[in-house]
Amino acid sequence: MTQIISIPRTLANRLLTLAQLTPDTEVCGLISNNTEDKYQVYPVNNIANNAHSIFEMDPQQQINAFKLIREKQQTLFAIYHSHPDSDATPSAKDLHDAAYKDTLNIIISLSTEGVLDMRAYFYQQDKIEAVDLIIE
Ligand SMILES: [Zn+2]
């Protein structure tokens with residue numbers, strides 16, 4: 001059965017805006033939420049050499065973001081990244097590199113001009129489980 005996860009439109013718009021700010025580079029970062037269903041986005045620099053088609057989060061920034069999430073008593077909701085010119089499906093590297101198997105992964109694609117293409121997945125071992133992402 002496909003899991004259904006809904007996110008507020010404000011969050012979806014924020015992620016799309018971040019992706020559009022650097023349309024030639026994959027953006028990445030963390031999203032937290034709290035008990036009041038407030039979401040916060042923590043952008044992290046992509047330090048990959050080929051940042052156009054892969055992402056690698058700056059380790060120190062990632063640690064800092066996790067620290068802030070803990071300090072604010074939030075929980076990690078998802079890891080997001082963008083695909084400048086491929087659709088919003090995980091690459092083989094995305095699956096291979098996934099460190100947090102129980103974490104939701106959101107991919108924002110800019111390849112379809114004018115259309116918001118945002119999809120979400122869980123990576124289980126070696127298989128990808130698509131989530132039904134609802135933008136409210
Ligand atoms: Zn990717």
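Two strands count as paired if DSSP finds at least two bridges between them. Keep that rule in mind for this tour of a predicted model.

**Stop 1: the sheet**

Colour the strands. Seven of them form an open sheet, and the pairing is mixed. Read across in the order β1-β7-β6-β5-β4-β2-β3. Now select residues 4-7, which are β1, and 39-44, which are β3. These two strands stand at the edges. Each has a single partner strand, so one side of each is left without a neighbour in the sheet. Turn the view along the sheet: the twist averages 30° from one strand to the next.

**Stop 2: a parallel pair**

Select residues 75-83 for β4 and 104-109 for β5. Their pairing is parallel, over six bridges. Strands of a sheet pair through backbone hydrogen bonds, either parallel or antiparallel. Which residue of β5 does S82 stand opposite? Show S82, and you will find I108 across from it.

**Stop 3: the helices on the sheet**

Add α1, residues 9-21. This helix packs on the sheet. It touches β1, β2 (28-33), β3, β4, β5, β6 (117-124) and β7 (127-135). The direction of α1 makes about 15° with that of β3.

Next, add α2, residues 59-71. Helix α2 lies across β2, β3 and β4. Its direction runs at about 165° to β3.

**Stop 4: the cores**

Show the side chains of L15, I31, F77, Y80, L104, I106 and M118. Within the largest nonpolar core, of 23 residues, these have the most contacts. At least two core residues come from each of β1, α1, β4, β5, β6 and β7. Helix α1 gives the most, with six residues.

Centre on I106. Leaving out residues up to four places away in sequence, I106 touches L15, I31, F77, A78, I79, Y80, H81, M118, R119 and A120.

Another core lies apart from the largest one. It has nine residues, including L30, Y42, A65 and I79.

**Stop 5: the salt bridges**

How many salt bridges does the structure hold? There are three. Side chains of opposite charge can pair when their charged atoms come close.

Start in α2 with E71 and K67. Their closest N and O atoms are 3.4 Å apart. Both residues lie in the helix, four residues apart, about one turn. E71 is exposed, with a relative accessible area of 52%. That puts E71 in the exposed class because the class begins over 50%. K67, at 45%, counts as partly exposed.

Move on to α3, residues 92-97. Here D97 forms a salt bridge with K93, and the closest N and O atoms are 2.3 Å apart. These two are also four residues apart, so about one helical turn separates them. Both partners are partly exposed: D97 has a relative accessible area of 38%, and K93 has 35%.

Finish with R119 and D117. This salt bridge has its closest N and O atoms 3.1 Å apart. Is D117 buried or exposed? D117 is buried, with a relative accessible area of 13%. The cut-off for buried is under 20%. Its partner R119 counts as partly exposed, at 31% relative accessibility. R119 also appeared at the previous stop, among the residues that I106 touches.

Key
Residues are numbered from 1 along each chain as its sequence is written. This is a predicted model: local features need pLDDT of at least 70, side-chain atom pairs count only at pLDDT 80 or more; totals for chains, interfaces and linings use all residues. Side-chain values use heavy atoms; hydrogens and water are left out. A salt bridge is a side-chain nitrogen of Lys or Arg within 4 Å of a carboxyl oxygen of Asp or Glu. Buried means under 20% relative accessible area, exposed over 50%, partly exposed in between (1.4 Å probe, protein chains only). Axes are lines fitted to C-alpha atoms, for helices over the stretch in contact, and angles run from 0 to 180 degrees between N-to-C directions. Contact means heavy atoms within 4.5 Å. A nonpolar core is a set of buried Ala, Val, Leu, Ile, Met, Phe, Trp, Tyr and Cys residues joined through side-chain atoms within 4.5 Å.
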